[in-house]
Amino acid sequence: MSVRRYWDCARLNARVTRLLLTGRWLQKDDIARSYDRLASAYDEAWLVYLQGTTARLLGLLPGALPQGAVLDVGCGTGFACRWLARRYPSREIRACDISGGMLAEARRLQPSPQVTWAAEDMLAFLRRQPDGSAALVTAAWSAGYSDYRRVFREARRVLCGGGRLALVVNLADTLAPLRRAFRYCMQAHAGEVRCLARFPFPRDAGAVRSALAAAGFAVEAFEDGACPVAPQVTPDGRRLPWLLRTGTLAGFDAMLPLDGGAVAETFEARLAADPEPIAHHYALGVGVRP
């Protein structure tokens with residue numbers, strides 16, 4: 001290790017210790033504000049890369065469900081809600097998201113009274129639902145931002161017999177080049193780190209399958225896959241302006257100033273030097289409550 005890297009590492013350790021001692025952790029409101037800023041452009045900038053996988057997940061659901069409501073947790077701009085409203089036109093759909101901006105966009109795109117919207121954390125939302133009151137819970141790309149094991153357990157509680165949990169969740173190694181570039185920036189610009197974060201994505205697909213079984217679901221369908229991403233590059237070769245509109249760095253932009261200056265320059269350089277393609281690594285599954 002070079003003297004410079006050793007010094008950067010020591011500075012980061014000191015900064016992390018200070019943030020730990022002062023309780024400076026990334027809050028859900030920080031993530032919500034990130035999504036609020038990008039909500040109007042989210043579908044065009046990012047959903048196009050994810051909607052094929054989301055539609056494939058929803059296509060695994062049966063046409064006939066047991067009695068009960070349909071719940072969509074972490075609904076974003078409502079892609080799954082719109083699909084579910086077409087598939088189950090007589091069902092009440094209840095959806096939640098922590099971002100008011102994303103919910104506003106979802107309401108604009110799906111104004112039907114069939115769907116009710118709640119600006120709420122997904123676990124808090126699920127805990128408000130009565131036992132056995134739902135026929136379906138969907139969590140498209142959202143459970144990894146919460147405690148996914150608790151989400152699964154709460155989903156089982158609110159589902160009636162024969163009800164289903166349909167989910168696609170990012171795994172811990174998702175978007176690996178972005179995460180490596182961000183970790184390098186934390187070390188190189190330790191004094192700029194504003195807070196710490198835990199993103200509790202499952203370590204691998206096996207952890208997701210095990211958590212479904214531990215929550216009491218019979219696994220009806222399951223896959224482990226990746227969605228490749230082709231970043232939009234500005235004429236001068238920058239990727240960050242586009243990435244900051246996609247949600248891939250939601251929360252990270254509260255930890256470090258990524259919208260310009262030395263941190264942004266370092267991030268761009270490290271990302272450009274990383275040979276691994278950018279991709280969302282995910283696990284997709286449908287579980288049935290016996």
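## Exercises: cysteines, a loop glutamine and a pocket

Cys-9 has 27% relative accessibility, so Cys-9 counts as partly exposed (buried is under 20% relative accessible area, exposed over 50%, partly exposed in between; 1.4 Å probe, protein chains only). The model is predicted: local features need pLDDT of at least 70, side-chain atom pairs count only at pLDDT 80 or more, and totals for chains, interfaces and linings use all residues. Residues are numbered from 1 along each chain as its sequence is written, and side-chain values use heavy atoms, with hydrogens and water left out.

**Exercise 1. Count the disulfides, and explain the result for Cys-9 and Cys-195.**

- Step 1. Set the rule: a disulfide is a pair of cysteine sulfur atoms within 2.5 Å.
- Step 2. Take Cys-9. The closest cysteine sulfur is in Cys-185, 15 Å away, so the gap is too far for a bond.
- Step 3. Take Cys-195. Its closest cysteine sulfur is also in Cys-185, at 15 Å, again too far for a bond.
- Result. The count is zero disulfides.

**Exercise 2. Describe the setting of Cys-195. Is it buried or exposed?**

- Step 1. Locate it. Cys-195 sits in the loop between α7 (176–188) and α8 (205–215) (helices are DSSP runs of H or I, at least four residues; strands are runs of E, at least two; both are numbered from the N terminus).
- Step 2. Check accessibility. The value is 7%, so Cys-195 is buried.
- Step 3. List partners. Leaving out residues up to four places away in sequence, Cys-195 touches Leu-19, Arg-24, Trp-25, Leu-26, Ala-254 and Met-255 (contact means heavy atoms within 4.5 Å).
- Step 4. Compare sequence with space. Cys-195 and Leu-26 are 169 residues apart in sequence, yet 5.8 Å apart C-alpha to C-alpha.

**Exercise 3. Work out what surrounds Gln-114.**

- Step 1. Gln-114 lies in the loop between α4 (100–109) and β3 (115–119).
- Step 2. Its relative accessibility is 17%, so Gln-114 counts as buried.
- Step 3. Beyond four places in sequence, its contacts are Ala-85, Tyr-88, Pro-89, Ser-90, Arg-91, Glu-92 and Ile-93.
- Step 4. Pro-89 recurs: its backbone oxygen is 3.5 Å from the side chain of Gln-114.

**Exercise 4. Which element gives the most to the lining of the second largest pocket, and what is the lining's make-up by class?**

- Step 1. The lining has 13 residues, with Arg-183, Met-186, Ala-197, Phe-199 and Phe-252 nearest the centre.
- Step 2. α7 and α10 (252–255) each supply at least two lining residues.
- Step 3. α7 gives the most, with four.
- Result. By class there are 10 nonpolar, no polar and three charged residues (nonpolar: Ala, Val, Leu, Ile, Met, Phe, Trp, Tyr, Cys and Pro; charged: Asp, Glu, Lys and Arg; polar: the others, Gly among them).

Definitions and conventions
A polar contact is a pair of N or O atoms within 3.5 Å; within protein, one must be able to donate a hydrogen and the other to accept it, and residues adjacent in sequence count only if both atoms are side-chain atoms. On a 1 Å grid over the protein atoms alone, a cavity is a set of points where a 1.4 Å probe fits but cannot get out, and a pocket is an open set with protein on both sides within 12 Å along at least five of seven lines; lining residues have an atom within 4 Å of a point.
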